[in-house]
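This report covers two topics: the protein surface beside one DNA strand, and the nonpolar cores of the protein. The sequence and structure come first.

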2 protein chains.
Amino acid sequence: MNKAERLFQLVLLLRSRRTAMTAEAIAETMGVSVRTVYRDVQALSLSGIPIEGEPGVGYMIRAANHLPPLIFTPDELQALLVGNRMVQAFTDQDLAKGARSAELKIRSILTDHLKQHAEQQPYRIPILESDDGLREVHGKLRRACEQRRKVRAIYLDEKQEKSERTIWPLGMIGWTGKWTLLAWCELRHAYRNFRFDRFEALDLLEENFRTTSDISIAHYLQSVVGMRDPG
Amino acid sequence: MNKAERLFQLVLLLRSRRTAMTAEAIAETMGVSVRTVYRDVQALSLSGIPIEGEPGVGYMIRAANHLPPLIFTPDELQALLVGNRMVQAFTDQDLAKGARSAELKIRSILTDHLKQHAEQQPYRIPILESDDGLREVHGKLRRACEQRRKVRAIYLDEKQEKSERTIWPLGMIGWTGKWTLLAWCELRHAYRNFRFDRFEALDLLEENFRTTSDISIAHYLQSVVGMRDPG
DNA sequence: GAAGACAGTGTCAGAACCTGTCAGTAGTGT
DNA sequence: ACACTACTGACAGGTTCTGACACTGTCTTC
């Protein structure tokens, strides 16, 4: 049996049971090594199939019938589709890819009636290749934020003055037409905002940082802007 | 992309459409040769997925239920959430409402693992009340586009000259930081682009218009911009 | 708190499988 | 008979997949 067929069978196998199944048991049923089962589980997981394992218990797939089926209203669908296009145009390559595959998944569960709706979109959001440089910056900063990695950056400020510093990227703020990074500046020991389009160079360092109650988006919004963080 | 993943994508792709798709079109979307598409179709068919082809028409899949329970990957989820926030900030009130309720529905089906992901968002997209005027314009134009209603508009052009005209709103184009309306101008008998922030007044008329092969977004993109409409 | 069991990951070489190419076939319309 | 489309067969070379084995991290037992 080849891999594709085996993955398909694995989904059927797990879905047909109410109890979990250990990797070893799966290996035996499928006639492959345990190592291969681990790889198969990972493959399914990466495709977004909600397969979950627990040590000592085994793997199972969450039964679909315990969930409310996802049914969107036309406005909800429209919002998702428009949002997805904005992401493709205004963020980074990886997120754009995520947006595309999320859209495929959403479209695949629509009723015919809604599919029709989805097809006649008045929205067009051009994806400009000239923004590819910005997309790269965006991607790097997103990774840095998510992994809480410090960043060494060369930045050009409003006065056209170049500076090199180490910053802790806390959050990415979307304004109409531009993104800024909220970061903690090690040099100044203070919050600073950086426009994405003013970075001359960016290096993700190996070193991590820790957000504290004194250094975080919520704290910045509270103490500097004077508003509660909506999350 | 490996075969297993591609087969999964193929199922989603076919399920996401109302109409059949030729092997050649599939090959192009997937980035593989046509021969491989034929093999993939056969593989799915052998696994018992009801995929059917008709010469000259293409392939399609009957009935659902063959889809494994579907959930999003972290990147897909991130894309949906960011997109939703952009919609709330940069479109109109109704669509924003749609975005919020869509988000609730999506969150309700997430696994614990994904919920955690969803909570630690680095993105913040402020919703500025000062844009409420723009939101109203946006909402009116969206309704006009969707219902294909003619619009009587007072518009201030680049030279600060005011004009009143009847237009057929065809599409809403999202640029970095601004929206423009592509419309057919009854006065000039030509396509015109209007910035949302330059409308002084907007009245949705009772009268409808009909898009034709000579007056449509696709035709505009083809004949004026010189590109194919991505849809 | 050391030893051991258990679940899962990293790596590697050889085997198996997959892909594109190209030639060929069946069916259909002219 | 010819052209055309949709599809299949065969094959070489390139990729990927698999199992073996060492290894990590966690939890349990004594």
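## Polar contacts with DNA strand D

A polar contact here is a pair of N or O atoms within 3.5 Å. The model is predicted. In chain A, a polar side-chain atom of T36(A) is 2.3 Å away from a phosphate oxygen of DNA strand D. S33(A) also places a polar side-chain atom by a phosphate oxygen of this strand, at 2.8 Å.

Chain B takes part through N2(B), where a side-chain N or O atom is 3.4 Å from a phosphate oxygen of DNA strand D.

## The surface around DNA strand D

There are 14 residues around DNA strand D, and those that come nearest are R6(A), S33(A), T36(A), R39(A) and R35(B). By residue class, the surface near the strand consists of 6 charged, 4 polar and 4 nonpolar residues.

Three helices each supply at least two residues of this surface: helix 1 (3-15) and helix 3 (34-46) of chain A, and helix 3 (34-46) of chain B. On the DNA side, sugar or phosphate accounts for 53% of the strand D atoms within 4 Å of the protein, and bases account for the rest.

## Nonpolar cores

The largest nonpolar core has 56 residues, of which L181(A), F199(A), L181(B) and F199(B) touch the most other members. A second core, separate from this one, has 42 residues, including L7(A), A43(A), I51(A) and V37(B).

Beyond its neighbours within four places in sequence, L181(B) is in contact with several residues of chain B, among them L141(B), C145(B), I167(B), M172(B), F194(B), F196(B) and F199(B). R192(B) and N193(B) are also among the contacts of L181(B).

Conventions. Residues numbered from 1 in each chain as written. Chains lettered and ligands numbered in written order. Predicted model: local features only at pLDDT ≥ 70, side-chain atom pairs only at ≥ 80, totals over all residues. Heavy atoms only, no water. Core = buried A, V, L, I, M, F, W, Y, C linked by side-chain atoms within 4.5 Å. Buried < 20%, exposed > 50% of the residue type's maximum accessible area, 1.4 Å probe, protein only. Contact = heavy atoms within 4.5 Å. Near = heavy atom within 4 Å. Polar contact = N/O pair within 3.5 Å; in protein donor to acceptor, adjacent residues only side chain to side chain. Helix = DSSP H or I, 4+ residues; strand = E, 2+ residues; numbered from the N terminus. Nonpolar A, V, L, I, M, F, W, Y, C, P; charged D, E, K, R; others polar.
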